[in-house]
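Student: Let us go through this model together. I will ask, and you reason from the coordinates.

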Amino acid sequence: MLMAHPAVLRELIEQYETLMMLKAENGGEEVRRRMDDLAYTLCVSTGTRDVDAALIAARHRLPGARPEDDSVLSA
């Protein structure tokens, strides 16, 4: 499986998180559609089927991430 470059993953994560904040404030159709596109791209880029798993997998591929670090999981 091809894996996305960490810089690409970082950009996807940042865009998705920014849009999550926008959706919470004023979630228009355009924001929802872009979030869906980003979620799909994250899933394909990480080999996952769920955006939460994709975000975790992407974060673990970033420089400095530790394989045993589960701090990205919400409590």
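What follows is a series of short questions and answers on this predicted model.

Student: How many helices and strands does the chain have?
Tutor: The model is predicted. Read along the sequence, the pattern is α-α-α. The secondary structure therefore comes to three helices and zero strands.

Student: Which element has the lowest mean pLDDT, and which the highest?
Tutor: For the chain, the mean pLDDT is 84, and 83% of the residues reach 70 or more. Among the elements, the highest mean, 94, belongs to α3. The lowest, 88, belongs to α1.

Student: What percentage of the residues of the chain count as buried?
Tutor: Buried means under 20% relative accessible area. The chain has 75 residues. The share that counts as buried is 25%.

Student: How far apart are the end C-alpha atoms of helix α2, and what span should its residues give?
Tutor: Helix α2 runs over residues 29–46, which is 18 residues. At 1.5 Å a residue, the helix should span 26 Å. The end C-alpha atoms agree with this, being apart by 26 Å.

Student: Within what arc do the buried residues of α2 fall?
Tutor: The buried residues of α2 are Val31, Met35, Leu38, Ala39, Leu42, Cys43, Ser45 and Thr46. Seen down the helix axis, they line one face, because they fall within an arc of 165°.

Student: Which exposed residues does the face of α2 turned away from its buried side carry?
Tutor: Exposed means over 50% relative accessible area. On the face of α2 turned away from the buried side, the exposed residues are Glu30 and Tyr40.

Student: Which residue follows α2, and what is its phi?
Tutor: The residue after α2 is glycine 47. Its phi is positive. The value is near 70°.

Student: Which helix supplies the largest share of the largest nonpolar core?
Tutor: This core has 17 residues, and Ile13, Tyr16, Leu42 and Leu55 touch the most other members. At least two core residues come from each of α1 (6–26), α2 and α3 (51–60). The largest share is six residues, and it comes from α2.

Student: With which residues is tyrosine 16 in contact, leaving aside its neighbours within four places in sequence?
Tutor: Tyrosine 16 is among the core residues that touch the most other members. Leaving aside neighbours within four places in sequence, tyrosine 16 is in contact with Met35, Leu38, Ala39, Leu42, Val51 and Leu55.

Student: Which helices does the salt bridge between glutamate 17 and arginine 59 link?
Tutor: The whole structure holds four salt bridges. In the one between glutamate 17 and arginine 59, the closest N and O atoms are 2.3 Å apart. The pair links distant parts of the chain, 42 residues apart: glutamate 17 is in helix α1, arginine 59 in helix α3.

Student: Is glutamate 17 buried, exposed or partly exposed?
Tutor: The relative accessibility of glutamate 17 is 31%. Buried is under 20% and exposed is over 50%. Glutamate 17 therefore counts as partly exposed.

Student: Why can glutamate 29 and arginine 32 in helix α2 meet in a salt bridge?
Tutor: Glutamate 29 and arginine 32 lie three residues apart, about one turn of the helix. An α-helix has 3.6 residues a turn, so residues three or four places apart point the same way. Side chains of opposite charge can pair when their charged atoms come close. Here the N to O distance of the salt bridge is 2.4 Å.

Student: Which residues are linked with Glu29 in a network of salt bridges?
Tutor: Glutamate 29 also forms a salt bridge with arginine 33, at 3.4 Å, N to O. These two residues are four apart in helix α2. Arginine 33 is partly exposed at 45%, and glutamate 29 is partly exposed at 43%. The network joins Glu29 with Arg32, Arg33 and Asp36.

Student: What separates the C-alpha atoms of arginine 34 and leucine 19?
Tutor: Arginine 34 lies in helix α2 and is partly exposed, at 36% relative accessibility. Leaving aside neighbours within four places in sequence, arginine 34 is in contact with Gln15 and Leu19. Arginine 34 and leucine 19 are 15 residues apart along the chain, and their C-alpha atoms are separated by 8.0 Å.

How values were computed. Residues numbered from 1 in each chain as written. Predicted model: local features only at pLDDT ≥ 70, side-chain atom pairs only at ≥ 80, totals over all residues. Heavy atoms only, no water. Expected span 1.5 Å × (residues − 1). Buried < 20%, exposed > 50% of the residue type's maximum accessible area, 1.4 Å probe, protein only. Arc of directions from axis to C-beta. Core = buried A, V, L, I, M, F, W, Y, C linked by side-chain atoms within 4.5 Å. Contact = heavy atoms within 4.5 Å. Salt bridge = Lys/Arg side-chain N within 4 Å of Asp/Glu carboxyl O. pLDDT = per-residue confidence, 0-100.
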